[in-house]
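Got your viewer open? Load the model below, and we'll walk through it one selection at a time.

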Amino acid sequence: MMPFGFSTREKKWCEFAEPVDGESTEFLRSFALKYNMVIISPILERDMNHGEIIWNTAVVIGNHGNIIGIHRKNHVTRVGDFTESTYYMEGNTGHPVFETEFGKIAINICYGRHHPLNCLTFGLNGAEIVFNPCATVGGLTEAMWPIEARYAAITNSYFVAAINRVGTEIFPNPFTSGDGKPAHTDLGYFYGSSYVSAPDASCTPSLSRNSDGLLITDMDLNLCRQFKDKWCFRMTARYELYAETLAKYVKPDFEPQVIRDPLLHKRSS
């Protein structure tokens, strides 16, 4: 609903923030009802109930024109020009899955796709389709783009819609990246290339790198259960083993499980 101005660190972009039930949502609710579709609308949310703080939020609008719920971005980017914590911090909505007429869906916002545990938890909550709306540029992530959504789909037995915007946005005031290089007025090129990946490792052709597009595809949600049964990833996951390690890791006195060779620092005689 706005330019990706967060790298400029200019507070004027806060003016785009709106409540969950604000103008953008109201505008899209009529289309959801008219065309019998669920719409996911990423907005810059202003939380009117908590001091008007700002979140990076996706609003899920049901096919009856109703607001089903929201998800706030779990992992906030701190890479290069993507200094989003000037505006909002990590979300507090967990990993919700929204049961709709067309399937159980979740929204893994942008940078969250780089975090395997984030992807995992949407699956543990029963997601059948995970939408990943992104604003990411060529020099930073394009080599990862064909891999991450497919990996998430395979390992979590759900479909992933990897969605990226297209083009270059030029801002009036130059900004720096904190890397000693000259100031610039754009983030780089948003390379589009949106696609959908399935649990069986198949995927659609990507949309254009250079222009906006519409991707329509059938998803057989039976694949989610079929591939859970085939690969037994849930059965063999050993969650209790990792839960124990993670419980230790988050404590200040954590010590890595490293077995050192007692002869490692001895010189040969």
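What volume does the largest pocket have? About 1,900 Å³. Before going in, note that this is a predicted model, where local features need pLDDT of at least 70, side-chain atom pairs count only at pLDDT 80 or more, and totals for chains, interfaces and linings use all residues. Residues are numbered from 1 along each chain as its sequence is written, and side-chain values use heavy atoms, with hydrogens and water left out.

**Stop 1: the pocket**

Select Ile40, Pro42, Phe131, Pro133 and Ile163: of the 50 lining residues, these lie nearest the pocket's centre. A pocket here is an open set of points on a 1 Å grid over the protein atoms alone, with protein on both sides within 12 Å along at least five of seven lines; lining residues have an atom within 4 Å of a point. Points are joined across faces, edges and corners, and the volume is the space filled by probe spheres set on them. Now colour S1, which gives the most to this lining, with 6 residues. Strands like this are DSSP runs (E, at least two residues), as are helices (H or I, at least four), numbered from the N terminus.

**Stop 2: the three-strand sheet**

Stay with S1 and add its sheet, an open one with the order S1-S2-S3 and antiparallel pairing. Strands count as paired if DSSP finds at least two bridges between them. At the edges you'll find strand S1 (39-47) and strand S3 (67-72), each pairing on one side only. S2 and S3 are joined by 5 bridges; to see one partnership, pick threonine 57 and arginine 72 in S3.

**Stop 3: the five-strand sheet**

Next, show S6-S7-S8-S9-S14, an open sheet in that order with mixed pairing. Strand S6 (98-100) and S14 each have a single partner strand, so one side of each has no neighbour in the sheet. Along S6 and S7, 3 bridges pair the strands in the antiparallel sense, and phenylalanine 98 stands opposite isoleucine 105 in S7. Add H4: this helix packs on the sheet and touches S8, S9 and S14, its direction making about 35° with that of S14. Axes are lines fitted to C-alpha atoms, for helices over the stretch in contact, and angles run from 0 to 180 degrees between N-to-C directions.

**Stop 4: the core**

Which residues have the most contacts inside the largest nonpolar core? Select Tyr158 and Phe159 within its 30 residues. Such a core is a set of buried Ala, Val, Leu, Ile, Met, Phe, Trp, Tyr and Cys residues joined through side-chain atoms within 4.5 Å. Buried means under 20% relative accessible area, with a 1.4 Å probe and protein chains only. Phenylalanine 159 touches, among others, Val130, Val196, Met219 and Leu223 (contact means heavy atoms within 4.5 Å).

**Stop 5: helix H2**

Select Asn118, Cys119, Leu120, Phe122 and Gly123, which are buried in H2. Their cover includes S3, S7, S8, H4 and helix H6 (239-249). After H2 comes glycine 126, whose phi is positive, near 100°.

**Last stop: the cavity**

Keep Cys119 on screen: it lines the largest cavity, as do Asn108, Tyr158 and Val160, among others. A cavity is a set of points where a 1.4 Å probe fits but cannot get out. This one has a volume of about 70 Å³. Colour H4 once again: the largest share of the cavity's lining, 3 residues, comes from this helix.

How values were computed: Buried means under 20% relative accessible area, exposed over 50%, partly exposed in between (1.4 Å probe, protein chains only). Lists of a residue's contacts leave out its neighbours within four places in sequence.
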